[in-house]
Amino acid sequence: ELLPQLSNPERVEVLETRIKKDELVGRTELTRQGASYTKQIRAVCRTCNSGWMNRLEEKARPILTPLILGVSTVLTTDVRHTIAQWATLKFMVAENAIRGDFVTPDHDRHRFKERLIIPEYFKIWLFRCGQGGWESGYFRNSFSCTLTEELPRGFRGKNSQSITWGVGDILFHHTSTTVPTLHFGLTPVIAQLGVQIWPSVPGEVRWPHARRLTTVEAGRLAESINRTMQA
């Protein structure tokens, strides 16, 4: 009920597949009834959904509500950690929107289930946008990459991703890669407009930031990992 209530809502789901960085080999575009936040990903069992996942949802709800509505608040270290845990849960579920396209290994997902430990290679930022469709927009890049001429032994598929996801007034941006020594960051210009909530540094942060991202800036943020890979 905190997200935009539209009359006769539709969402557009687009899937593109590329090889060799930029060679487009497949594209599908489907229009579905219902807002994007009504999409269901059938990758969670009933026990988890009503158990540990629901407990995390209930813990995060009073923290996230003012952020979604754009109300001023203070983000303590513990609060940012809870937000990061909640976002991690959503990212791990959303990875399974396409069967077999997940990046996070099974052992890290199990560790998160048992102890809510966020993988150390996750990076999560928080921005403001809340416009141009980003109130409930979702954009994911997933790909396979290697720093050597040959794929590593035991290579199983996708190993890197970025997710940019709008929830009301806030915009999450997440990157992760299981490739050792490979790191994805943000340019200083964009980074100063948000807060890195994982890994985060101790202390309080006043929210919201004075300036929200424009629709164009949010789109560039969503595509930023592609530009990194092109380079």
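Trainee: Which residue meets the side chain of Arg11 in a salt bridge?

Mentor: The model is a predicted one, in which local features need pLDDT of at least 70 and side-chain atom pairs count only at pLDDT 80 or more, while totals for chains, interfaces and linings use all residues. Residues are numbered from 1 along each chain as its sequence is written, and side-chain values use heavy atoms, with hydrogens and water left out. A salt bridge is called when a side-chain nitrogen of Lys or Arg lies within 4 Å of a carboxyl oxygen of Asp or Glu. For Arg11 the N to O distance is 2.8 Å, and the partner is Glu13.

Trainee: Is Arg11 itself buried or exposed?

Mentor: Buried means under 20% relative accessible area, exposed over 50%, and partly exposed in between, with a 1.4 Å probe and protein chains only. Because its relative accessible area is 14%, Arg11 is buried.

Trainee: Why does its partner Glu13 count as partly exposed?

Mentor: The salt bridge joins Glu13 to Arg11, whose own side of the pair is buried. Glu13 falls in the partly exposed class because its relative accessibility is 21%.

Trainee: How many salt bridges does a search of the whole structure find?

Mentor: The Arg11 and Glu13 pair is one salt bridge, and Glu16 with Arg18 is another, their closest N and O atoms being 2.9 Å apart. A search of the whole structure brings the count to 14.

Trainee: What relative accessibility makes Arg18 partly exposed?

Mentor: Arg18 is the salt-bridge partner of Glu16, and Glu16 is partly exposed with a relative accessible area of 33%. Arg18 also counts as partly exposed, because its relative accessibility is 43%.

Trainee: Which residue forms a salt bridge with Arg212?

Mentor: The closest N and O atoms of this pair are 2.6 Å apart. The pair links distant parts of the chain, for Arg212 sits in the loop between strand 9 (205–207) and helix 6 (215–230), and the other residue sits in the loop between strand 6 (160–167) and strand 7 (170–177), 43 residues apart. Here helices (H or I, at least four residues) and strands (E, at least two) are DSSP runs numbered from the N terminus. The partner of Arg212 is Asp169.

Trainee: Is Asp169 buried or exposed?

Mentor: On the other side of the salt bridge, Arg212 is partly exposed, with a relative accessible area of 27%. Asp169 has a relative accessibility of 9%, and therefore counts as buried.

Trainee: Which residues do salt bridges that share partners join into one network?

Mentor: The salt bridge between Glu16 and Arg18 has already been described, and these two residues belong to the network. Together with two further members, the network is made of Glu16, Arg18, Arg27 and Glu29.

Trainee: How far apart in space, C-alpha to C-alpha, are Leu69 and Asp169?

Mentor: Leu69 lies in helix 2, and at 48% relative accessibility Leu69 counts as partly exposed. Asp169, by contrast, counts as buried at 9%. The two residues are 100 residues apart in sequence, yet in space their C-alpha atoms are separated by 5.9 Å.

Trainee: Where is Val71 found?

Mentor: Val71 is partly exposed, with a relative accessible area of 42%. Rather than lying in helix 2, as Leu69 does, Val71 is found in the loop between helix 2 (52–69) and strand 3 (73–75).
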